[in-house]
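Reader: I am new to this structure and would like a close look at a single part. Please take me through one sheet and whatever surrounds it.

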Amino acid sequence: MSDPRVRLLFEPNSVAIVGASSDPAKASGLPLRNLINSKFTGKIYPVNPRAKEISGLPCYPSVADLPESPDLAILMVDAALSAGVLEECGRKGVKTAIVGSAGFSEAGAEGQGRQTQLGAVVKRYNIRVCGPNCHGTFNVLKGIPCGYDHSFALPLSPGPVAIVSHSGALLGVLGHRAVQSNQGLSYLVSNGNEMDLDLCDFTEFFLEDESTQVVAALMEGLKNGPRFLELAERAHELGK
């Protein structure tokens with residue numbers, strides 16, 4: 001049984017975007033643009049101490065200043081600031097987070113130190129995290145893009161195929177190919193460094209989802225090989 005908080009990464013009722021920018025040319029501007037242009041009907045909270053308003057939405061100076069605890073926080077801040085921001089999310093009661101920035105375990109010893117700090121915050125506040133160094137999640141079925149992957153702005157069609165990918169770049173390519181071939185998708189996730197949630201966590205969620213009949217996994221490695229084999233057996237039993 002998957003952690004119910006995994007669904008919040010794909011189906012939040014409220015989203016805070018920390019480090020949100022009004023410039024869609026920047027990666028930090030894409031999550032807000034994608035949500036505004038999508039079918040998302042929940043609450044969107046841009047967080048940036050240098051702005052009062054972004055894209056017509058009130059902008060808050062910090063997570064602590066938000067009027068409620070959002071279901072999901074998307075962190076688009078420098079890697080060196082991410083642990084502090086996630087700590088603030090924990091104090092606010094945020095349940096899930098996507099850490100989009102790079103500069104963690106993929107960036108040598110210094111980056112690994114930053115990721116260790118981030119992991120300590122996750123354990124302290126029991127937050128479920130996608131990333132770091134990831135592009136985020138997309139619920140294609142309900143039109144909820146939570147991240148900055150290029151495919152999240154495409155006119156993707158709802159369908160039975162979910163994709164979990166360590167590589168954000170390849171996920172974007174697959175999104176473009178799906179549009180070209182009119183292939184329907186249910187969910188997309190770029191899970192990056194897998195500091196917390198890993199490929200198996202997302203695969204398990206997809207297998208439990210009634211709308212998903214095919215799960216595609218782009219793997220650069222496995223944290224838990226035996227668990228993945230168990231999930232492959234379950235997929236066989238479910239006819240997926």
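Author: Start with strand β1, residues 14–18, which runs parallel to β2 and is joined to it by five bridges. This is a predicted model. One pair of partners is easy to find: isoleucine 17 has its bridge partner, proline 46, in β2. Strands of a sheet pair through backbone hydrogen bonds, either parallel or antiparallel.

Now widen the view. β1 and β2 belong to an open sheet of five strands. Read across, the order is β2-β1-β5-β6-β7, and the pairing is parallel. The edges are held by β2 (43–47) and β7 (128–130). Each of these has a single partner strand, so one side of each lacks a neighbour in the sheet. From one strand to the next, the twist averages 20°.

A helix lies against this sheet. α3 packs on it and touches β1, β5 (72–75), β6 (96–99) and β7. The direction of α3 makes about 165° with that of β5.

α3 also has a helix beside it. Its axis and that of helix α4 (residues 108–125) come within 9 Å and cross at roughly 5°. Because of that angle, α3 counts as roughly parallel to α4. On the α3 side, the contact includes Ala79, Ala83, Leu86 and Arg91. On the α4 side, it includes Arg114, Leu118, Val121 and Tyr125. By class, the residues of this contact are eight nonpolar, three polar and four charged.

Next, look for the largest pocket. Its volume is about 290 Å³. There are 19 lining residues, and those nearest the centre are Gly19, Val47, Asn48, Pro49 and Val77. Val47 falls within the range of edge strand β2, residues 43–47. Helix α3, residues 79–92, gives the most to this lining, with three residues. The lining as a whole has nine nonpolar, six polar and four charged residues.

Go back towards the start of the chain for another set of contacts. Arginine 5 sits in helix α1, residues 5–10. Its C-alpha atom is separated by 9.1 Å from that of aspartate 71, although the two are 66 residues apart along the chain. Setting aside neighbours within four places in sequence, arginine 5 is in contact with Lys95, Thr96, Asn126 and Arg128.

Asn126 deserves a second look. It lies in the loop between α4 and β7. It has a positive phi of about 55°, yet it is not a glycine. Most residues other than glycine have a negative phi, and most peptide bonds are trans. The chain has a cis peptide bond too, between glycine 131 and proline 132, with omega about 0°. Proline 132 is placed in the loop between β7 and β8.

That loop leads to another sheet. This one is also open, with five strands in the order β9-β8-β11-β10-β12. Here the pairing is mixed. The edge strands are β9 (144–147) and β12 (214–218), and each pairs on one side only. The twist averages 10° from one strand to the next.

Asparagine 139 is a good place to stop in this sheet. It stands opposite tyrosine 187 in β11. It also has a bridge partner in β9, isoleucine 144. The strands fit that picture. Strand β8, residues 136–139, pairs with strand β11, residues 185–190, over four bridges in the antiparallel sense. Four bridges also join β8 to β9, and these two run antiparallel. The β8 and β9 hairpin has four residues between the strands, and among its residues glycine 143 takes a positive phi near 65°.

Two helices pack on this sheet. Helix α5, residues 168–181, touches β10 (158–165), β11 and β12, and its direction makes about 160° with that of β11. Helix α6, residues 199–208, touches β10, β11 and β12 as well, and its direction makes about 165° with that of β10.

Finish with the second largest pocket. Its volume is about 240 Å³. Fourteen residues line it, and the closest to its centre are Ser38, Phe138, Gly143, Phe152 and Leu154. Gly143 is the hairpin glycine with the positive phi. By class, this lining has nine nonpolar, four polar and one charged residues.

Conventions. Residues numbered from 1 in each chain as written. Predicted model: local features only at pLDDT ≥ 70, side-chain atom pairs only at ≥ 80, totals over all residues. Heavy atoms only, no water. 1 Å grid on protein atoms, 1.4 Å probe; cavity = no way out; pocket = protein on both sides within 12 Å on 5 of 7 lines; lining within 4 Å. Points joined across faces, edges and corners; volume = space filled by probe spheres on them. Nonpolar A, V, L, I, M, F, W, Y, C, P; charged D, E, K, R; others polar. Axes fitted to C-alpha atoms, helices over the stretch in contact; angles between N-to-C directions. Parallel < 35°, antiparallel > 145°, perpendicular 65-115°, else oblique. Contact = heavy atoms within 4.5 Å. Pairing = 2+ DSSP bridges.
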